[in-house]
Amino acid sequence: MLFELTDHAIYTASGNSFSRAFLLGENFKDRKNLLVFDTRKEAEAFSKILSFIAWENISPLFDFPCIIDFFGRENGWFVTTKELFEASVNWKYHTEKNTLVFERNGEVSPEKCITALIDSGYVHSTFLSKPGSYKKDGDTISIRLPFEEKVVALSFFDTVIDEILVFDTHGQFLMKKDHIVLTSILDKRTVEEVETRDISKNTELFPLLGNSEIIFMNLDFWEPLQVVAKMCQESIIFAGSSTEKSIDIGIKEIKISSLQELEMLVKNFGNTVYFYTKHTKALVNFLEYNNLSFWSVNETSISGLESFVIEDRYFIADDILGDIFIRNRTKKSIVKNLDLLLEIRPNDYVVHRDHGVGIFREIVEKDLGGNRREYMLIEYRLDDKLFVPLAEIHRVSKYIGNDEPILTRLSGNEWKKTLDKTNEDVEKIARELLETYAKRRISEGFSFTRYPEQEELFRKNFPYEHTLDQQTAIAEILADMESQNPMDRLLSGDVGFGKTEVAMNAIYRAFLNGKQSILISPLVVLAYEHMESLQKRYAPFGIRLAVLTRFSTQKDVTAILSGLRNGTIDCVVATHRILSEGIVFKNLGLLIIDEEHKFWVLDKEKINALKSNIDILSLSATPIPRSLNLALSGVKKISVLTTPPPQKKPVHTIVSKWSEMVIKEAVEKELARGGQVIFLHNRVASIESIRKQLTGILGKHVRIAIAHGKLDGIQLEDIIIDFKNSKYDILLSTTVIENGVNFLNANTIFIDDAEKFGLAQLHQLRGRVGRKDQDATCYLLYHNDKLDSDGKKRLLTIVNNSDLGAGFEIALRDLEIRGAGDVLGIKQSGKTHDTGLSLYFTLLEEKIEELRNGKTAVKNDCKIELDISYFIDNDFFDSELDKIRFFRNIESIDTLEDLEYTHQTFEEANTTLPESFENLFLLLRARVIFRKFGVTSLKKIGSSYVFELDPATEVPMVRKFLELDTTGDFTLISIHKIKVDVKRFRGDKDFLESLLPSPPTPLPKERGEK
């Protein structure tokens, strides 16, 4: 057994549904179990998983007949929502009124029995073809039960029921019964449709639940939860967030992203690795090819299974295997759009390149003349709707910008005006970026020499083992330093993941090469923290260090400036003070900028003046998507740290309604162990009243300091420094402390009104505590009795992503990326909010290419509108999200080789592929080929197929396209428009296939390719 569950307990660390289904299936076999969910959608999704694990049908209890039937059942699995306990219904009365009881040897005529069945909503059926039907054969009345896969046969002897027999729906005898209870199926009301009342008044409900095991699933925000659980004879709670009384089951997530990692896992834990996948063929081939012994491979078509590990038992599902074998379908192609990294989910804001900002609602299926196709339904302002074929999903990107952008109108030229203004803005920035890039490419930097022995000794002197990410980042940075061109690299890493250690390797190489370094920090307090770290690390290596801030005395300043000028200081840690006029370096070679975006307002030009021919390394703790640099390819390189240091512990995260008792106990516990507390309240206007509240809860002896952005900069830093020096017990602050500062003695943080923050911001704030190897706790506080669904999801997401490194996962899910433009060295522009950051970057990338090549690029797009069905069944995907991800990824493919690789992965995982699936790849192959020639559209107009080419397409390229015509059917209407007679082909598919010979025709190179 994975873990033994006991009654009247609260369990956490079992956030994924797959693990919970296992736990329930093992603990509650052959019993009567009722699972209670927040919403019907959650109940239905979990039912599919539990049904697979428990090998039983799961019965939904949403309407009256189902619920009344449940009261009389002896065992089985049932799901419902919390509304069952809130509904103002006298269930005892309804049960007595809406049930039929037939007993063996009971006196009733067959005619009266049939009348009672009809009055209860049952219908006659010769073959009992559907639940709730009956038939009469001689002296036997057979009834197909409405809520079980069973048939009950009442055998009559005159007007007496002689026998009651139970069969399955295939006619297999199961048992004899002394009596049977049938439920009326006339009352179709659901519990959501009736009035609610106080839980304590629903006393007649709980006796009817009897000895059922009631299991509450993720109802953290349902106020009566604890009361209801106590009123049940047997109950347990699966909580999304931790509480002081909860039991940690110890279930963890697994992260495997490559075949090599999967191979190592099976080699090390073969007998305790269990696979659950729809891709059994591909998996077994992989295991056998690598001579790996495997214990269990279970085939399932269930979507949404999430892998997990408990102790040394690994359960691997398609969230991992799908990524490795199927979802990673475009691994050979280069993703050119940042937005591919951001999942599009229903109700997300999106941007259609041609139509503007709307809300993606759902995927809808349409049958157009026998052609099944799927569309993204996007809603715009004034209820305008747009149906975007999934085959054109590449034109839709996730909106990243304002929390609630203004939706565009589909009619009029509103969006065109927005794009025109944005393109003007984009051109200015593109020229600035190219100018900066050109200067750095022209200017010859210093090529740092490697010193293998000394550098290896320095690395080994690190008291911990470098993570794989740190090793990779160090190698990338040192390789840049060896280049003749000046380095310009961003090092991004989650809170406490060792960015400073990576940077220190670069400083050490500069020192070995006789070059000076600057480590510049946006905050005085952070500068001293860096100085302390460097002093410890460089103590055995003779690097001469100095720190220059506003706290430096005039005597120290004079000595430091002299040391920089004559070369007796190798590395200076400083704030923007180092950018003052008159500071001269003897031999500056490396500039490291911590949180560069915080310097733009006052010091941008001064930093740029230093950047021309020295190596630059920028550090950022803000979790940003791994491939953000692709949007500005060639301008800045990025290294990312995603693996936590071995001694770092995750922050224990608790969601709680505002409670003076919770606050008092947590603060007193932290102060008793000599720690400090951060209390985050993000409204300056009411922060003083919060201080009074806290004083009232904790007592006047607790020292509270207030910090917020309206304080003078020097005053703010003084408060933070005093807190770090333990002059205060609690730092009551706004988000001004979000980035950068390490509070090594603060191990508890409260975030007030947590549901109002974005996911990435919550993650950053949570990272302010637990910076050493201490246990740390983050309390997410909310005030409203009923949170909206988005608020709930955000809080539960941050709780369920509390593992180390989750910042990168969270950033990909969040609706906005704060300061991403600044991280790359771009002026933040209001235009990014008009179009969303993803489309903005796409436009910027296109403009950069245009300016580099000196001419407008041919649009790399081709719209094919033909009567060809390209529907792909949902069984090919693990979820709707996976389907969206697939279409978005596959449309970034721009080579036939990569398309063929993708097609092959499907063939390996599925024995047969339907025609509609093959049709999709036919259309994709056609589009890849046609757009290489500058074709922008192919349509059937009247009796002709019409190709339109981009006006920028040159004549030689048009001639090459005409060579595809092997039958002489192409007719040139104009230099950029070609038609073909429809009658010469059996249909649209036949026409396309005639143009796509196998093997593929060698394609011309894109303009600008060498």
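Let me start with two helices: helix 13, covering residues 452-460, and helix 15, covering residues 499-512, have axes that come within 11 Å and cross at roughly 150°. I should say at once that what we are looking at is a predicted model. In this crossing, helix 13 passes helix 15 in a right-handed sense. On the helix 13 side the residues that meet the partner are Gln-454, Glu-455, Phe-458 and Arg-459, and on the helix 15 side they are Met-504, Asn-505, Tyr-508, Arg-509 and Leu-512. By character, the residues of this contact between helix 13 and helix 15 divide into four nonpolar, two polar and three charged.

Now to a second pair of helices. The axes of helix 9, residues 259-269, and helix 10, residues 280-289, also come within 11 Å, and here the crossing angle is roughly 65°. Because angles from 65 to 115 degrees count as roughly perpendicular, helix 9 is described as roughly perpendicular to helix 10. The crossing of helix 9 past helix 10 is right-handed. Helix 9 contributes Leu-259, Leu-262, Glu-263 and Val-266 to the contact, while helix 10 contributes Leu-283, Phe-286 and Leu-287. Sorted by character, the residues of the contact of helix 9 with helix 10 come out as six nonpolar, no polar and one charged.

Let me turn to the aromatic rings, for which a search of the whole structure finds 44 pairs. One of them is formed by Phe-85 and Phe-216, a tilted pair with 5.8 Å from centre to centre and 45° between the planes. This pair links distant parts of the chain, since Phe-85 belongs to helix 4, residues 83-86, and Phe-216 to strand 13, residues 213-217, with the two positions 131 residues apart. Are these two residues, Phe-85 and Phe-216, buried or exposed? Both Phe-85 and Phe-216 are buried.

Another tilted pair is that of Phe-961 and Phe-970, at 5.8 Å centre to centre with 40° between the planes. Phe-961 and Phe-970 are both buried as well. These two rings also belong to a cluster, in which ring pairs link Phe-930, Phe-933, Tyr-945, Phe-947, Phe-961, Phe-970, Phe-985 and Phe-991.

Finally, a single loop residue. Asn-413 is found in the loop between strand 25, residues 396-398, and helix 12, residues 414-442. Its relative accessibility is 44%, so Asn-413 counts as partly exposed. Although Asn-413 and His-355 are 58 residues apart along the chain, their C-alpha atoms are separated by 9.5 Å.

Definitions and conventions
Residues are numbered from 1 along each chain as its sequence is written. This is a predicted model: local features need pLDDT of at least 70, side-chain atom pairs count only at pLDDT 80 or more; totals for chains, interfaces and linings use all residues. Side-chain values use heavy atoms; hydrogens and water are left out. Axes are lines fitted to C-alpha atoms, for helices over the stretch in contact, and angles run from 0 to 180 degrees between N-to-C directions. Helices (H or I, at least four residues) and strands (E, at least two) are DSSP runs, numbered from the N terminus. Angles under 35 degrees count as roughly parallel, over 145 as roughly antiparallel, 65 to 115 as roughly perpendicular and the rest as oblique. A crossing is left-handed if the near helix is turned anticlockwise from the far one by less than a right angle, and right-handed if clockwise. Contact means heavy atoms within 4.5 Å. Ala, Val, Leu, Ile, Met, Phe, Trp, Tyr, Cys and Pro count as nonpolar, Asp, Glu, Lys and Arg as charged, and the others, Gly among them, as polar. Rings of Phe, Tyr and Trp (its six-membered ring) pair if their centres lie within 6.5 Å; planes under 30 degrees apart count as stacked, over 60 as edge-to-face and the rest as tilted. Buried means under 20% relative accessible area, exposed over 50%, partly exposed in between (1.4 Å probe, protein chains only).
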